[in-house]
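Me: I am in my first year of study and would like to take a close look at a single part of this structure. Please begin with the chain as a whole and then describe that part and its surroundings in one connected account.

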Amino acid sequence: ERAICMFLEGENIIKIRSMCFVEYGNYIHEKKDIDRAIMFYEKALKLNPKNSYANVGIASAFVDKGLFNRAIEHCKEAIGVKPNVHCYLLLTLSYEIIGAEVLANEAFQVSVKKFFSDNLASAHEGLAYTYFKFAKYDKAEYHCKEAIKANPTNAGPHYNLAMSYLKQGKIENAKTEFQKVIELNSDKRYKKYALENIKSINRKVKNRTVL
């Protein structure tokens, strides 16, 4: 879609071709074919090294592969061209995982000021979602809890915390958080999903008991 918009705007054909490679790379990435996605992101960058979308895409792919230093390199490239929230959240995640806590905190604080209007709860929620996306559920749990500290009455972080617990097999903790979502009653969508998850957990527990 972005490539089509660029064409209609009369953008340089090389840049349009680069964006086509990015969009196909994103499509393959969503299908979890990480190595092929990287190949297309690299094609995009060969045509246009300043393509920030390609740099974010390949950084995300390198996080998938556990190559965090390479992810950091491409996040920085993207930030140098066109900073966006995904660059900073990926950068924060990568720094945190390699143990560079000071740099992680610096990147996170920039994201808070630039993209979350100094809303600390939303920033932690965004980072928790990023960790969850990459199956780093313990880290997602931590940042959900930080979001809850900053805004205890928001149902979203409670729901996401419950899902992080569920992915880690912490069933009772998950049920407790789903129940909190129901009690908060501030978002009908989250309440519906929480009820469905509690019913699903109870069914699975009952089936195991019967067996």
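Reply: Helices and strands are here runs assigned by DSSP and numbered from the N terminus, a helix having at least four residues and a strand at least two. By that rule the chain, which is a predicted model, has twelve helices and zero strands. Read from the N terminus, the order of elements is α-α-α-α-α-α-α-α-α-α-α-α.

The chain may be set out first. Its C-alpha trace spans about 60 × 40 × 35 Å along the principal axes. Of the 211 residues in the chain, 43% are buried. The accessible surface comes to about 11900 Å², and carbon and sulfur atoms account for 53% of that surface. There are 33 positive and 24 negative side chains, and the centres of these two sets lie 5 Å apart. Among contacts between residues at least 6 apart in sequence, 45% join residues at least 24 apart.

The part chosen for the close look is helix 6, residues 85-98. Its 14 residues should span 20 Å at 1.5 Å a residue, and the end C-alpha atoms are indeed 20 Å apart, so the expected and computed lengths agree. At the start of helix 6, a side-chain oxygen of N84 comes to within 2.9 Å of the backbone nitrogen of H86. After the helix comes G99, whose phi is positive, near 90 degrees.

Helix 6 is mostly covered, with ten of its 14 residues buried. The buried residues are C87, Y88, L89, L90, L91, T92, L93, S94, Y95 and E96. Which helices do the buried residues of helix 6 pack against? They pack against helix 4 (52-64), helix 5 (68-81), helix 7, helix 8 and helix 9. Three of these partners, helices 7, 8 and 9, can now be taken in turn.

Helix 7 covers residues 101-115, and S111 lies in it. Is S111 buried or exposed? S111 has a relative accessible area of 0%, and because buried means under 20%, this residue counts as buried. The side chain of S111 reaches the backbone oxygen of F108 at 2.6 Å. When neighbours within four places in sequence are left aside, S111 is in contact with Y88, L89 and F116. Y88 and L89 are among the buried residues of helix 6. E106 also has its place in helix 7. With a relative accessibility of 46%, E106 counts as partly exposed. E106 and L91 are 15 residues apart in sequence, and their C-alpha atoms lie 9.9 Å apart in space. L91 is another of the buried residues of helix 6.

Helix 8 covers residues 120-133, and H124 lies in this helix. The relative accessibility of H124 is 8%, so H124 counts as buried. Not counting residues up to four places away in sequence, H124 touches F108, H143, E146 and A147. F108 thus appears a second time, since its backbone oxygen is the atom that the side chain of S111 reaches. The side chains of H124 and H143 are joined by a polar contact of 3.1 Å.

Between helix 8 and helix 9 there is a loop that contains A135. Phi of A135 is near 60 degrees, a positive value in a residue other than glycine. At 44% relative accessibility, A135 counts as partly exposed.

Helix 9 is made up of residues 137-150 and has 14 residues. From the first C-alpha to the last, helix 9 reaches 20 Å, close to the 20 Å expected at 1.5 Å a residue. Its buried residues are Y137, A140, E141, H143, C144, E146, A147 and I148. H143, E146 and A147 in this list are residues that H124 touches. A general point helps in reading such a list: an α-helix has 3.6 residues a turn, so residues three or four places apart point the same way. The buried residues of helix 9 pack against helix 6, helix 8, helix 10 (155-167) and helix 11 (171-184).

The account thus returns to helix 6, whose buried residues pack against helices 7, 8 and 9 among others.

Definitions and conventions
Residues are numbered from 1 along each chain as its sequence is written. This is a predicted model: local features need pLDDT of at least 70, side-chain atom pairs count only at pLDDT 80 or more; totals for chains, interfaces and linings use all residues. Side-chain values use heavy atoms; hydrogens and water are left out. The expected span of a helix is 1.5 Å times one less than its number of residues. Buried means under 20% relative accessible area, exposed over 50%, partly exposed in between (1.4 Å probe, protein chains only). Contact means heavy atoms within 4.5 Å. A polar contact is a pair of N or O atoms within 3.5 Å; within protein, one must be able to donate a hydrogen and the other to accept it, and residues adjacent in sequence count only if both atoms are side-chain atoms. Accessible areas come from the Shrake-Rupley method with a 1.4 Å probe; for residues, only the protein chains shown count as cover. Lys and Arg count as positive and Asp and Glu as negative; His and the chain ends are not counted. The place of a charge is taken as NZ of Lys, CZ of Arg, CG of Asp or CD of Glu.
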